[in-house]
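This report covers a sheet and a set of helix contacts in one chain. Please view the sequence and coordinates first.

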Amino acid sequence: MPRTDVVKVILPESEIPTAWYNILPDLPGEPLPPLHPGTGEPVGPADLAPLFPEALIMQEVSSERWIDIPGEVIDIFKTWRPSPLYRAHRLERALGLTPGKQRIYYKWEGVSPGGSHKPNTAVPQAFFNKQAGTRKLTTETGAGQWGSSLAYACALFDLQCEVFMVKVSYEQKPGRRTLMETWGATVHASPSDRTESGRKILADHPDSTGSLGIAISEAVEIAAQSDDTHYSLGSVLNHVCTHQTIVGLEAKKQMDAFEDTPDVVVGCVGGGSNYAGLSYPYAADVLAGEANTRFLAVEPDACPTLTRGTYAYDFGDTAGMTPLMPMYTLGHDFVPAPVHAGGLRYHGDAPSLSGLVKAGLYEARAYPQVPVFEAAVMFARSEGWLPGPEPAHALKGAIDEALAARAADEERVVLFNLCGHGHFDISAYEAFLGGELEDLQLSDEDLAASLATLPPQPANA
Ligand SMILES: *Cc1c(COP(=O)(O)O)cnc(C)c1O
């Protein structure tokens, strides 16, 4: 029986995991390699060298199940890790769940300096770059969480940081920009006139509100031009998902302290990293035949990569400079409607997560933003924390799982990742409370048009 006298479990610093879990060697089937954008040949470590330091490239392609976390990185993690894991007693009561029968838990990643899970990878990425002699990192950011997390990490290691911020967010969220500048970063609205890729988009679409794909093209272009500058990505890549597994590794210990085990693990998916982070340590048990946990990935209706996208090789960016990755995609020049979950507006998803969905091990579901904000407000009024619009999608999925179990009179333990706070998303809450939030649907025609731009597929894919 689970302990019902506990609200949260906070582990001591000595319980911070000392190794990350790399899911690559445990994935079902033969891995499909990323392909070079020019030649179509599998990408080797040398192809990635202009963008990433060797240590991160080795992690990207590693077949080791466990990767040591450097002591210097753990020392910085002690600022906010281990993060707390809560039992949502008050939310359960507000939902009218059957007492004790449907139980909801959440891992709370909003306690980091950046306010989300993103510093879990920003700090090691800055560390490995510093070690390799990098002087400047470039990156893209959507809602600003990744840019601010990388700005924070660069400040710790005395690295310069240049951020291309999706224009719609740059305008909607000036607070995030100021936060990045406070940590010492330089921020440009993307598309910008500072790069070839940005100027090309502006020439064709002067009113472009930008996308993560465009901003990635700009950041990669700058990094590829100089030896002392590298590029840093906040999601999708394998080393990023691996860094985030610290979340799930802690969560497992905390669920043990609650003397409970999740039946379903839920997360929101932008590029897949926070959900990979919480869920992969649980997926490891399922892949080893030792558990039958269910997994539910939640995304916005307006950017339905897993639920309406195609599994294919596609570029990670709009200009087609990144390797081709096998993943669910909406097409690399997809520009989603400006929904408030800026972190979930990416056209693709992590190849590892895409593979798990394709294999039927992970389920996926999409929600429109109005019911998502209803769930977020209910959560704020019961549990107190203000969810970011992105994890509010996971929250909505978790609530629906618990309500479905109540309707079926079943026991169900739900664990979700509350991967960031919404303190910089007040304008979205304002729109919702004022009844002005709209559900922005993606039409079949727009989806088909975007998918028509997929690059030619290799014969064996
Ligand atoms: C960036 C971000 C996301 C989306 O990215 P993933 O890689 O899918 O996790 C979700 N939530 C928050 C709070 C974010 O900052």
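The text below describes the sheet, its central pairings and then the helix packing.

The model is predicted: local features need pLDDT of at least 70 and side-chain atom pairs count only at pLDDT 80 or more, while totals for chains, interfaces and linings use all residues. Residues are numbered from 1 along each chain as its sequence is written, and side-chain values use heavy atoms, leaving out hydrogens and water.

Helices (H or I, at least four residues) and strands (E, at least two) are DSSP runs, numbered from the N terminus. Two strands pair if DSSP finds at least two bridges between them.

**Sheet**

An open sheet of seven strands has the order E1-E4-E5-E15-E10-E11-E14, with mixed pairing. Strand E1 (8-9) and strand E14 (363-367) are at the edges with a single partner strand each, so one side of each has no neighbour in the sheet. Three of the pairings are tabulated here.

| Strand pair | Sense | Bridges | Opposed residues |
|---|---|---|---|
| E10 and E11 | parallel | five | Val264 and Arg294 |
| E10 and E15 | parallel | three | Val265 and Leu415 |
| E11 and E14 | parallel | five | Glu299 and Ala366 |

In strand E10 (residues 264-268), five of five residues are buried (under 20% relative accessible area with a 1.4 Å probe, protein chains only; exposed is over 50%, partly exposed in between). Side chains in a regular strand alternate between the two faces of the sheet. On E10, one side carries Val264, Val266 and Cys268 and the other Val265 and Gly267, all buried.

E10, helix H12 (residues 273-287) and E11 form a right-handed β-α-β unit; right-handed means that, with the strands pointing away from the viewer, the path from the first strand over the helix to the second runs clockwise.

**Helix packing**

Axes are lines fitted to C-alpha atoms, for helices over the stretch in contact, and angles run from 0 to 180 degrees between N-to-C directions. Helix H11 (residues 238-257) lies across E1, E4, E5 and E15, at about 140° to E5.

Helix H15 (residues 369-382) and helix H16 (residues 389-407) have axes that come within 8 Å and cross at roughly 85°. The two are therefore roughly perpendicular (65 to 115 degrees). Their contact (heavy atoms within 4.5 Å) includes Phe373 and Phe379 of H15 and Leu395 and Ile399 of H16.

Helix H9 (residues 196-204) and helix H10 (residues 212-225) pack at about 145°, with axes 7 Å apart. Glu196, Ser197, Gly198 and Ile201 of H9 meet Ile214, Ser217, Glu218 and Glu221 of H10.

Technical notes
Parallel < 35°, antiparallel > 145°, perpendicular 65-115°, else oblique.
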